[in-house]
Amino acid sequence: MAAAAPPPPPTPAPTPNMMPPEDHPVGHPLFARIRQATRSDVSHIHKLIHQMAVFERLTHLFSATEASLSATLFDDPNNPFTILLLEVSPNPFPTTPITQTFNLDHPIIDSESELFRSAGDDVVVAGFVLFFPNYSTFLAKPGLYIEDLFVRECYRRRGFGKMLLAAVASRAAKMGYGRVEWVVLDWNVNAIKFYEEMGAQILQEWRICRLTGEALQAYAAHSN
C-alpha cells in the first residue's frame with residue numbers, strides 16, 4: 001500500500017491591500033486657522049482689500065494705502081475694528097482657538113503663495129474678515145457688522161468663507177449680541193445663494209445710503 005501523500009504546504013496569507021477603495025480616495029488635507037491680525041499683517045491686508053476691490057469692480061473707489069490702514073486699524077488702541085485672518089498650510093497648526101482640516105480632492109494651486117506668505121515657509125494668507133460693533137434699538141442689543149469678508153479666488157467654494165463667518169457668529173453669540181449683519185452685491189448670485197443656505201435673511205427692501213468725498217464735506221458744512 002503506497003504511503004499517503006504529504007499534506008500540501010499552507011497557502012501563504014494574502015498580502016493586505018494597502019490601497020484605498022476607489023470610491024474613498026485619500027484626498028489632500030489642507031489645514032486652516034483663523035487668528036487676529038496685527039500691525040505686521042498690514043501688507044497682506046492691503047493686498048487682500050485691493051483684490052476685493054477688483055472682484056467687486058470698485059477699484060475706482062480704492063485709495064487705501066498700507067500707511068493709512070496701519071494708522072486707522074492699529075495705531076489707535078480704542079478703535080472698534082477687529083480683523084481676523086484666514087491662514088492655510090499643508091501641515092497642521094499648533095493648537096489655536098480656531099482651526100479646521102479640509103480634505104480636498106485635489107491640491108490647490110496658489111500662484112500667489114509667495115505674495116501672501118505668512119509666518120513660516122508653509123503658511124499662506126487666504127482671506128480675511130473685518131467687523132465692528134453696531135446696535136439694534138429694536139432688540140436693545142449690540143451686534144456685529146461685517147464690513148468686509150474676502151477669500152482669495154483659488155480658495156473659494158471650499159468652505160473657507162463659512163469658516164470666517166462662523167468665527168464672527170461665534171464671537172457674537174458668546175458676547176450675547178443680538179445679530180450679525182453685512183451686505184452683498186446684488187449681482188453676486190453665488191454669495192447670495194451661500195448666505196441663504198446658511199440661514200441668513202436677504203433684506204430686499206433695504207438700501208444703503210452713503211455720504212462720502214465731496215458730498216460728505218459739502219453736507220457737513222451745513223452744520224457750521
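In which strand does Asn103 lie? Asn103 lies in strand β3, residues 98–104, and this strand will serve as one edge of the tour.

**Before starting**

The model is predicted, so local features are reported at pLDDT of at least 70 and side-chain atom pairs at pLDDT 80 or more, while totals for chains, interfaces and linings use all residues. Residues are numbered from 1 along each chain as its sequence is written, and side-chain values use heavy atoms, with hydrogens and water left out.

**The whole chain**

Display the protein chain as a cartoon. It contains five helices and six strands; helices (H or I, at least four residues) and strands (E, at least two) are DSSP runs, numbered from the N terminus. From the N terminus on, the elements run β-α-α-β-β-β-β-α-β-α-α. Of the 224 residues, 30% count as buried; buried means under 20% relative accessible area, exposed over 50%, and partly exposed in between, with a 1.4 Å probe and protein chains only.

**The sheet**

Select the six strands, which form an open sheet of mixed pairing in the order β3-β1-β2-β4-β5-β6. Two strands pair if DSSP finds at least two bridges between them. Strands β3 and β6 (180–181) stand at the edges, each with a single partner strand, so one side of each is left without a neighbour in the sheet.

Begin at the β3 edge with Asn103, which is exposed at 52% relative accessibility. Next select Leu30: Asn103 and Leu30 are 73 residues apart in sequence, and their C-alpha atoms are 6.3 Å apart in space. The pairing of β1 and β3 is antiparallel, over seven bridges, and Thr99 in β3 is the bridge partner of Arg33.

Move on to β2, residues 82–89. Eight of its eight residues are buried, so the strand is largely enclosed by the rest of the structure. Thr82, Leu84, Leu86 and Val88 point one way from β2, whereas Ile83, Leu85, Glu87 and Ser89 point the other way. Strand β1 (residues 28–36) pairs with β2 in the antiparallel sense over six bridges. Two positions to select are Arg35, whose bridge partner in β2 is Leu85, and Arg33, which stands opposite Glu87 in β2.

On to β4 (residues 124–136): seven bridges join this strand to β2, and the two run antiparallel. Here Thr82 stands opposite Phe131.

Finish the sheet at its β6 edge. Strand β5 (residues 141–151) and β6 pair in the parallel sense over two bridges. Select Leu144 to find its bridge partner in β6, Val180.

**Helix α3**

Select residues 160–174. Helix α3 has 15 residues and reaches 21 Å from its first C-alpha to its last, close to the 21 Å expected at 1.5 Å a residue; the expected span is 1.5 Å times one less than the number of residues. Its buried residues include Phe160, Met163, Leu164, Ala167 and Val168. Just after α3, Gly176 takes a positive phi of about 75°.

**Salt bridges**

How many salt bridges does a search of the whole structure find? The search finds eight, a salt bridge being a side-chain nitrogen of Lys or Arg within 4 Å of a carboxyl oxygen of Asp or Glu.

Select Arg39 and Asp75, whose closest N and O atoms are 2.5 Å apart. Arg39 lies in the loop between β1 and α1 (42–55) and Asp75 in helix α2 (residues 66–75), so the pair ties together parts that are 36 residues apart in sequence.

Next select Arg152 and Glu112, a salt bridge with closest N and O atoms 3.7 Å apart. Arg152 lies in the loop between β5 and α3 and Glu112 in the loop between β3 and β4, so this pair ties together parts that are 40 residues apart in sequence. Arg152 is buried, with a relative accessible area of 1%, whereas Glu112 is partly exposed at 28%.

A third pair is Arg179 and Glu181, with closest N and O atoms 3.5 Å apart. Salt bridges that share partners also join Arg33, Arg35, Asp41 and Glu87 into one network.

**The last stop**

Select helix α5, residues 213–220, which holds Tyr219. Tyr219 is exposed, at 57% relative accessibility.
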